[in-house]
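Here are a few notes to read alongside the coordinates. I hope they help you find your way around.

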Amino acid sequence: MLQTILPILIFAALALAVIGAAKRFFIWRRGRPSKVDWIGGLLKMPRRYLVDLHHVVERDKYMSKTHVATAGGFVLAAVLAIVVHGFGLHNRILGFALLAATVLMFVGALFVAKRRLDPPSRLSKGPWMRLPKSLLMFAASFFIATLPVAGILPVGFGGWVLAAILAVGVAWGVSELFLGMTWGGLMKHAFAGALHLAWHRRSERFGGGRSTGLKALDLDDPKAPLGVEKPTDFTWNQLLGFDACVQCGKCEAMCPAFAAGQPLNPKKLIQDMVIGLAGGNDANFAGSPYPGKPLGEHSGGPHQPIVSLQGKALVDADTLWSCTTCRACVEECPMMIEHVDAIVDMRRHLTLEKGATPNKGAEVLDNLIATDNPGGFNPGGRLNWAADLNLPLLADKQETDVLFWVGDGAFDMRNQRTLRAFVKILKAADVDFAVLGLEERDSGDVARRLGDEATFQHLAKRNIATLAKYRFKRIVSCDPHSFHVLKNEYGALGGDYQVLHHSTFIDELVRKGSLNLGQSKAASVTYHDPCYLGRYNGEYEAPRAVLNAIGIEVKEMERSGFRSRCCGGGGGAPITDIPGKQRIPDMRMVDIKETGAEVVAVGCPQCTAMLEGVVAPRPEIKDIAELVAEVLIEATEVPAKHPATKRELAEVQ
């Protein structure tokens, strides 16, 4: 009986799965066009899955081993089941191979079941709780059905009763796993995820690459939408990426806005996009809601606005404005989904089409247009902080080795201390440098994160035109936000430069022996990784190497390195100022105080401002440049240097 029933069940499930796959593909294709390497992407997909994706999953050793056993066992078991039971190739070797695959899958499914006995709060519950049962049923049913093929049990063992039971088990298993992949079931992430890796919006991320710069809008095309208003305004491979979400909640667990009680949960946001594409409401969402926003009150469709300023829609505007763009969600996502891209795309529509930037957003954008800086300060005061420093101007020199990009910290009295300290370092190392002075404008970072692509491109193009007049080898900035924009986002507009953060440049000077350094008297120091230096640009070692060089052993926070907690200062968050239950910098200060450190070393003016905004008592906040400048030894002869020891950055579990 099984020899008759199993092929029917398997091929019926496969046929329905193919129909579902085609249907799902055409749903994704409702999105805007996006150029992809169709064949090349598919060919690269196995490596991206087995290597790039596995590197991310491997951070959670338990789930890594579970995934290898369950997913590997299932793929192998499914292929062999089609060959053995679908096509009736009853070979003992194939039978034993299928038994081994089902055992491997069964063991992995047991680990899934164990995880679901007391699941972390970040995991979606509801229908996801039945997934271990379906995995176990698939593995057990095919294991028993394959025993006669392997010659372990006689053919026809158990008669009609066992055959009927196994038929039910197989039907349950193939329905959940085969159909669930393509008809929107629990396993849809397996199908969508594979294609997402093949046709990823940022293929540069694979093979050890890094891609973090926002994509530019074509403002010269009158037909191109200014941002995303409705789900179908996303590119089709963005929609594909949303469908790849496995609802593991790793993004939720790392999101600073969610932890602070602001109305953002990156996992739910991605699921809301899936709901909007299919049409419906969020009443059946099985995970954590947005803090302060009950389920069941939001709905949408593929051609309906995602955000409505008049009433309830799919997503409330304050959900989008809560994001600090820290990229922690993207860094943690085991499916490599781009949450930040989606959020900024939706912000662009609100800002450019609706003029709906909240709180001080509109004022800041007006200031950028009128005065070239977000604070609205008189542009003529950009060099007031350095009136006594006799800084060389690039307009006078025309050519220099290092262009020091000062940034809008020039208008902030606190950050001026950092700038002066860095100038002291440059002069001590006899670096050939210059500044743009009054020719420098805001880099456009804040405008772009607030969704004002037009103002960003206007500022960027003016800066690029200014830079084109001069010759220089490198740009160095104390601001990771300016550093990131100049390095990774000006290129699309014609400005390709070699850009360094000041911590990287100081580390280079130390290694070359260009600085005569003493030892810091700071008793205990911890280091806060800026998001736009670390997660965005992968620089974790240089700041620590510099601190080590001046005798500071960093007392690492539990969340450091690529898992550092955001200070709350990125993405225009201090400007939009969406309230929550607590402030993000207050949470970061708790992390800092747990180390017992008396000083916090920072490398970003935003981080300095946010952490110094925490009510005392708290540790002192000092930029790396300040700590180095304090120990500079001014002498006519520089004594022999001992090479700085390189310290490994421990991975945070």
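1. Strand β7 (residues 525-527) and β8 run parallel, and 3 bridges join them. One pairing to look up is Y527, whose bridge partner in β8 is A601. Please keep in mind that this is a predicted model.

2. On to the next pairing: strand β9 (residues 620-623) also lies parallel to β8, over 4 bridges. Here V602 has D623 in β9 as its bridge partner. Between β8 and β9 the chain passes through helix α25 (residues 605-612), and the resulting β-α-β crossover is right-handed.

3. Is strand β8 (residues 599-602) covered on one side or on both faces? Both are covered: V599 and A601 are buried on one side, while V600 and V602 are buried on the other.

4. For packing, you might start with the largest nonpolar core, which has 147 residues. W385 and F404 have the most contacts inside this core. Leaving aside neighbours within four places in sequence, F404 is in contact with W385, L419, F422, V423, L426, F433, A434, V435, E440, V476 and C478. There is also a second, separate core of 13 residues, with M254, V340, C531 and Y536 among them.

5. Finally, a look at a helix. Helix α3 (residues 61-86) has 26 residues and reaches 35 Å from its first C-alpha to its last. That is close to the 38 Å expected at 1.5 Å a residue. G88 follows α3, and the phi of G88 is positive, near 70 degrees.

Terms used
Residues are numbered from 1 along each chain as its sequence is written. This is a predicted model: local features need pLDDT of at least 70, side-chain atom pairs count only at pLDDT 80 or more; totals for chains, interfaces and linings use all residues. Side-chain values use heavy atoms; hydrogens and water are left out. A nonpolar core is a set of buried Ala, Val, Leu, Ile, Met, Phe, Trp, Tyr and Cys residues joined through side-chain atoms within 4.5 Å. Buried means under 20% relative accessible area, exposed over 50%, partly exposed in between (1.4 Å probe, protein chains only). Contact means heavy atoms within 4.5 Å. Helices (H or I, at least four residues) and strands (E, at least two) are DSSP runs, numbered from the N terminus. Two strands pair if DSSP finds at least two bridges between them. A crossover is right-handed if, with the strands pointing away from the viewer, the path from the first strand over the helix to the second runs clockwise. The expected span of a helix is 1.5 Å times one less than its number of residues.
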